[in-house]
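Thanks, everyone; I would like to use these few minutes to talk about how some of the helices pack. Please have a look at the sequence and the model first, and then we can go through the contacts one by one.

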Amino acid sequence: MADGGGQGDAFDPSRPNVARVYDYLLGGKDNFAADRAVSDQIIATLPQVVLGVRAQRAVLGRVIRYLVGEAGIRQLLDVGSGLPTADNVHEIAHRVAPDTRVVYLDNDQVVLNHATALLADDSSTFAVRGDLFDPPSIIASPAVRAHLNWDKPIGLLLCGIVHYVLDSDHPAELVGALIDALPSGSYVFIHHLLDTGEPDAAELQAQMAKGLGRVQFRTMAQVRKLFGGLDLVPPGLVPVPQWRPDPGTASRADHGVLRLACAGVARKP
Ligand SMILES: C[S@@+](CC[C@H](N)C(=O)[O-])C[C@H]1O[C@@H](n2cnc3c(N)ncnc32)[C@H](O)[C@@H]1O
């Protein structure tokens, strides 16, 4: 059984871990043999998966530029933030608006150690331990409360995390509890792996479940329900390459794997 779901297990490099497998797939160095073994199995199943994780980082960047640059958001709560990588949320946000406050929240201690070290000289970005499985503790966290002003809109980022919540753990209720707590004018971003009904989606899901212990791909309609009744900003919930692509953003026609994840941003009125 891997780390990454539930309570955030103690550090154990002999067990594969969601954050470190993702780091390896992104070409990072903060991973161990067990993580690399699982990653190599996933790559063997679907070699294009590395393009998928890069597309995930790319759409995360586009969403931040939209939220900070166009929607005027100056506070981001990144739940399931992952290990620091080449272009991190706070770096992208600060290029647009240096006064943006960012809270990274993850249940993985290794993620928090790395983020804390990276942020030693940054007074507007903080790393906090927290668990998506326990929204009240996120909302009531003194650290989260101290770093974000809950009277002003917040951009809630749920990038590549909700597919690690099984239906039996009621993802819509967990996400809904966070959305309910957000101030008016806030936004929520979800990136989610897609159940397209095709064999490669099923194979990828099976390989990830085997290696990581838990994952649940969902249909576009199921992901849409995670936003509750909120209206999505254009272009709505779409395959990742179609969410406000930059010039040069690879399309599904370029890489078939890019149809296996969707992205959407909703606004809380
Ligand atoms: C695949 S990474 C995504 C990283 C980043 N959001 C991105 O999209 O590039 C998923 C992250 O979610 C974290 N995570 C998984 N389950 C979690 C939970 N229940 N609560 C908080 N973080 C969790 C993992 O530790 C990991 O860092």
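Helix H1, residues 18–25, and H2 have axes that come within 9 Å of each other and cross at roughly 60°, and the crossing is right-handed. I should say straight away that this is a predicted model. On the H1 side the contact involves Arg-20, Val-21, Tyr-24 and Leu-25, which meet Asp-35, Arg-36, Val-38 and Ser-39 in H2. If we sort the residues of this contact by character, we find four nonpolar, one polar and three charged.

Now let me stay with H2, residues 33–45, and turn to its packing with helix H9, residues 199–212, where the axes lie 9 Å apart and the angle is about 170°. H2 and H9 are therefore roughly antiparallel to each other. H2 contributes Val-38, Gln-41, Ile-42 and Thr-45 to this contact, while H9 contributes Glu-203, Leu-204, Gln-207, Met-208, Gly-211 and Leu-212. Here the residues divide into five nonpolar, four polar and one charged. You may have noticed Val-38 in both lists, since Val-38 of H2 meets H1 and also takes part in the contact with H9.

Finally, which residues of helix H4, residues 89–96, are buried? They are Val-89, His-90, Ile-92 and Ala-93, and because they cover an arc of only 160° around the axis, they sit on the same side of H4. As for what they pack against, the partners are helix H3 (49–70) together with strands E1 (75–79), E2 (101–106), E3 (125–129) and E4 (155–159).

Key:
Residues are numbered from 1 along each chain as its sequence is written. This is a predicted model: local features need pLDDT of at least 70, side-chain atom pairs count only at pLDDT 80 or more; totals for chains, interfaces and linings use all residues. Axes are lines fitted to C-alpha atoms, for helices over the stretch in contact, and angles run from 0 to 180 degrees between N-to-C directions. Helices (H or I, at least four residues) and strands (E, at least two) are DSSP runs, numbered from the N terminus. Angles under 35 degrees count as roughly parallel, over 145 as roughly antiparallel, 65 to 115 as roughly perpendicular and the rest as oblique. Two residues are in contact if their C-beta atoms, placed from the backbone, lie within 7 Å. Ala, Val, Leu, Ile, Met, Phe, Trp, Tyr, Cys and Pro count as nonpolar, Asp, Glu, Lys and Arg as charged, and the others, Gly among them, as polar. A crossing is left-handed if the near helix is turned anticlockwise from the far one by less than a right angle, and right-handed if clockwise. A residue is buried if 20 or more other C-beta atoms lie within 10 Å of its own, exposed if 12 or fewer, and partly exposed in between; C-beta atoms are placed from the backbone. The arc is that of the directions from the helix axis to the C-beta atoms.
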